Amino acid sequence: MTLTEARRVPPGPTGPALAKTLWMFGADRLGLMSSAARRYGDAVRLAPPPKPFYFFNHPDHAKHVLADNSQNYHKGIGQVHARRALGDGLLTSEGELWRRQRRTMQPVFQARRIAGQAAAVAEEAAGFVDRLRRTPPGQPVDVVHELTALTLGVLGRTLLDADLGEFQSIGGSFEAMQDQAMFELATMSAVPMWVPLPKQLRFRRARRDLQRIVDHLVADRVARDGAGTGRDDALSRLILSTREDPDPGHGRQRMRDELVTLLLAGHETTASTLGWALYLVDRHPEVAERLHAEAVEVLGDRLPTYEDLPRLRYTNMVIEETMRLYPPVWMLSRKAQGADRVGGYDVPAGADVLICSYTLHRHPAFWSDPERFDPERFDPATPNERPRYAYLPFGAGPRFCVGNHLGLLEATFVLALIARDLRLSLTPGHRVVPEPMLSLRVRGGLPMRVEAAR
């Protein structure tokens, strides 16, 4: 092999370092990606054939894989393994099924429809703030738990016209589903589902519970509307699209898969972003003061409206910087269907390709002092020369997150109302650790004390 040919293969770990890399992929994914970027650069081969996977960490690489040549890349490691837990919903499906699902759901998330849901989102956000306000003085509250309940409530009200609060088990069931999805990733789906490990037994109970919940939602809609398709929301659209399936049993399973995926993806990323935002704001009192001042000035004592979004400029800057440091979609994985070349390196057919938003958002070539929390990076009045694909909080390309508008609306309203009315502070001594699951969560919750804003 000539020197020129050798350079077509990215650098990467070998020998004992390779064994450690494979262990870290199951045990410390963020640590692995961060250390690989520091040691090897923007292109890394993390595992050799016969199951190679490549890590690319440059905006040009992300643009090529996710957008320019996206037709060559299907969902990869992680999402493929999550399919055994989640089924064929919008998050994990491929090809014509995915395109059909996307066409079904896209109208529900159009900006005009989301604007019409703003009042409902504001009311849910205000109810959340009122619940926090009633916390006994000095008693910590797990805001991640409360945010999960809030975002499920918003999702139920805006997309399903249903009260998800009546299903008390739904949060725990989603925890078990995510645990199983990550177990599938760590074991490369080598452990059969029937093996009675405690984790897998919890997952099977959770899957039955979530299927019971979505069956109830469908039955309730049909009981209220006859055919169940009389409303232009996500639930009616899913009922109609799956009813057209020539195999009724397959249609029912698709309905379950798509609703479970919608419920998970529709609440998890926003709850995660808001949890990280509250943690970062608490650590930066000057940011908290500026948020409070903006909310008082823009909102006064009323609820936010859709027209307030451009006026809550600093609030949005805080949310964007939060998603830079803790992107809800922390890693995007793809599998090359045919041979390709990325950044001058050959990628063989069948190779897994990783684009890690967590490390890309910290790339020192595109972000000054990248570990520092600085909302001013996203001031719309300040020009910046960052490449478009240096910032990927919702992914990119054809599989860009369909619910980004609703998620940003919800996050902005919630953060503005909290900043106006409350002061949340982390319980002393609690260690905050990121947990890279399907989204980038706060491990073990976020206990915070609640006070009235000064």
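## Pockets, a helix residue and cysteines

The largest pocket is lined by 31 residues, and those nearest its centre are Val-144, His-145, Thr-148, Ala-149 and Gly-171. The model is predicted.

**Exercise 1.** Describe the lining of the largest pocket by element and by residue class, and give the pocket's volume.

*Solution.*
1. The volume of the largest pocket is about 700 Å³.
2. At least two lining residues come from each of helix H8 (118-133), helix H9 (143-160), H10, helix H13 (248-283) and strand S11 (440-442).
3. H9 gives the most, with seven residues.
4. Sorted by class, the lining holds 13 polar, ten nonpolar and eight charged residues.

**Exercise 2.** Do the same for the second largest pocket.

*Solution.*
1. The second largest pocket contains about 360 Å³ of space.
2. Its lining consists of 19 residues, and Ala-27, Arg-29, Glu-435, Pro-436 and Arg-443 are the closest to its centre.
3. Two or more lining residues are given by each of helix H2 (15-27), helix H3 (29-40), H10 and strand S10 (434-436).
4. The class count is ten nonpolar, six charged and three polar residues.
5. H10 is thus listed for the second largest pocket and also for the largest pocket.

**Exercise 3.** Place Ser-173 in its helix, decide whether Ser-173 is buried or exposed, and list its contacts.

*Solution.*
1. Ser-173 belongs to helix H10, which spans residues 170-187.
2. The relative accessible area of Ser-173 is 6%.
3. Buried means under 20%, so Ser-173 is buried.
4. Leaving out residues up to four places away in sequence, Ser-173 touches Ala-206, Asp-209 and Leu-210.

**Exercise 4.** Work out how many disulfides the model has, starting from Cys-356 and Cys-401.

*Solution.*
1. A disulfide requires two cysteine sulfur atoms within 2.5 Å.
2. For Cys-356, the closest cysteine sulfur is in Cys-401, at 17 Å, which is too far for a bond.
3. Starting from Cys-401, the closest cysteine sulfur is that of Cys-356, again 17 Å away and too far for a bond.
4. The count is therefore zero disulfides.

**Exercise 5.** Assign Cys-356 and Cys-401 to a class of exposure.

*Solution.*
1. Cys-356 has a relative accessible area of 0%.
2. The value for Cys-401 is 27%.
3. The cut-offs are under 20% for buried and over 50% for exposed, with partly exposed in between.
4. Cys-356 is therefore buried, whereas Cys-401 is partly exposed.

Note on methods
Residues numbered from 1 in each chain as written. Predicted model: local features only at pLDDT ≥ 70, side-chain atom pairs only at ≥ 80, totals over all residues. Heavy atoms only, no water. Buried < 20%, exposed > 50% of the residue type's maximum accessible area, 1.4 Å probe, protein only. Helix = DSSP H or I, 4+ residues; strand = E, 2+ residues; numbered from the N terminus. Contact = heavy atoms within 4.5 Å. 1 Å grid on protein atoms, 1.4 Å probe; cavity = no way out; pocket = protein on both sides within 12 Å on 5 of 7 lines; lining within 4 Å. Points joined across faces, edges and corners; volume = space filled by probe spheres on them. Nonpolar A, V, L, I, M, F, W, Y, C, P; charged D, E, K, R; others polar.
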